[in-house]
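Trainee: I would like to learn how to read a protein model feature by feature. Could you take me through one slowly, giving the idea before the case?

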Amino acid sequence: VERRANLPYVPGKTLKGLMREACRQLEEVEGLPAGATNWLFGIPTDKVPETAREMGLERFATEAGAVIVDNGELPADWRAFARTDTGADMARDLGAVLHATAIEADGQVQAGSLRSFEVMPPMTVRAPLTLSDDPRPMPDGLWELGWRRAIGEALPLLQGLGAGRTRGLGRVRAILETEEAAHG
């Protein structure tokens, strides 16, 4: 969990990476047209600015995709409530910190392996998706399917988010809503 203004949110770059992986999996089994994932979420490139490479920021080694993913935030009424005194107290106490450590084969704790992470109770966050102003030409087959539908079909493959997601934590149900449904 990451927090801003004392409320949990999911960074857009995290959501984009999870959606990219879900689309990649669907594309591998030919559920999406070839090249759809790269068009939607970007492609790796060798053009890394030297200053970025020196700082270990190879993540800049991508060509932008057509889809812009905003942060996943709680609904506006929740955010407004959290700005009140009562809401701020509740938001501070929301969630729990869990700890995990690796255990050696002999049953001893592995040195330096203690990790802490914050988990939240079930909640709904929304992250707007938009299409960039100047996307590259769409790959064959994606035009007929549509970029929103392509992402919507891949979202059921997204099942976990954050630390421990392969151990049952961070379970999610991701759905693609129309703008009207998100506000209604």
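Mentor: Let us begin with strand pairing: two strands are said to pair if DSSP finds at least two bridges between them. This is a predicted model, and in it E2 and E6 are joined by 2 bridges and run antiparallel. Within that pairing, Val10 stands opposite Gly72 in E6.

Trainee: What is the order of the strands in the open sheet?

Mentor: The open sheet has 3 strands in the order E1-E2-E6, and their pairing is antiparallel. E1 and strand E6 (72-73) stand at the edges with a single partner strand each, so one side of each has no neighbour in the sheet. For the wider setting, the protein chain has 8 helices and 9 strands.

Trainee: How should I read a nonpolar core, and which residues have the most contacts inside the largest one?

Mentor: The general idea is that in soluble globular proteins nonpolar side chains tend to be buried together. Here the largest nonpolar core has 24 residues, and Met19, Leu40, Val67 and Ile151 are those with the most contacts inside it. At least two residues of this core come from each of H1, H2, strand E5 (67-69), helix H6 (142-145) and helix H7 (147-154), and H1 gives the most, with 6 residues. If you select Val67 and leave aside its neighbours within four places in sequence, you will find it in contact with Lys16, Leu40, Phe41, Leu129, Thr130, Leu131, Trp147 and Ile151.

Trainee: What share of the residues in the protein chain count as buried?

Mentor: Of the 184 residues of the protein chain, 28% count as buried, and the chain exposes about 12,300 Å², of which carbon and sulfur atoms supply 53%.

Trainee: Is Ser113 buried or exposed, and where is its place in the chain?

Mentor: A residue counts as buried when its relative accessible area is under 20%; Ser113, with 11%, is therefore buried. Its place is in the loop between strand E7 (96-100) and strand E8 (115-119). The side chain of Ser113 makes a polar contact with the side chain of Thr101 at 2.6 Å, and the side chain of Ser113 also reaches the backbone oxygen of Gln110 at 2.7 Å. Not counting residues up to four places away in sequence, Ser113 touches Ala100, Thr101 and Ala102.

Trainee: How do I describe two aromatic rings, and how many aromatic pairs does the structure hold?

Mentor: A pair of aromatic rings is described by the distance of the centres and the angle of the planes. The structure holds 1 aromatic pair, formed by Trp78 and Phe81, which is edge-to-face, with 6.2 Å centre to centre and 80° between the planes. Because Trp78 and Phe81 are 3 residues apart in helix H4 (residues 76-82), they are separated by about one helical turn. Trp78 counts as partly exposed at 31% relative accessibility, and Phe81 counts as partly exposed at 32%.

Trainee: What is the sign of phi in Asn6 and in Glu30?

Mentor: Asn6, a residue other than glycine, has a positive phi near 70°, and it is found in the loop between strand E1 (2-4) and strand E2 (7-10). Glu30 is not a glycine, although its phi is positive at about 65°, and Glu30 lies in the loop between helix H1 (12-28) and helix H2 (36-41). Asn6 counts as partly exposed at 28% relative accessibility, whereas Glu30 is exposed, with a relative accessible area of 74%.

Conventions. Residues are numbered from 1 along each chain as its sequence is written. Side-chain values use heavy atoms; hydrogens and water are left out. Helices (H or I, at least four residues) and strands (E, at least two) are DSSP runs, numbered from the N terminus. Buried means under 20% relative accessible area, exposed over 50%, partly exposed in between (1.4 Å probe, protein chains only). A polar contact is a pair of N or O atoms within 3.5 Å; within protein, one must be able to donate a hydrogen and the other to accept it, and residues adjacent in sequence count only if both atoms are side-chain atoms. Contact means heavy atoms within 4.5 Å. Accessible areas come from the Shrake-Rupley method with a 1.4 Å probe; for residues, only the protein chains shown count as cover. A nonpolar core is a set of buried Ala, Val, Leu, Ile, Met, Phe, Trp, Tyr and Cys residues joined through side-chain atoms within 4.5 Å. Rings of Phe, Tyr and Trp (its six-membered ring) pair if their centres lie within 6.5 Å; planes under 30 degrees apart count as stacked, over 60 as edge-to-face and the rest as tilted.
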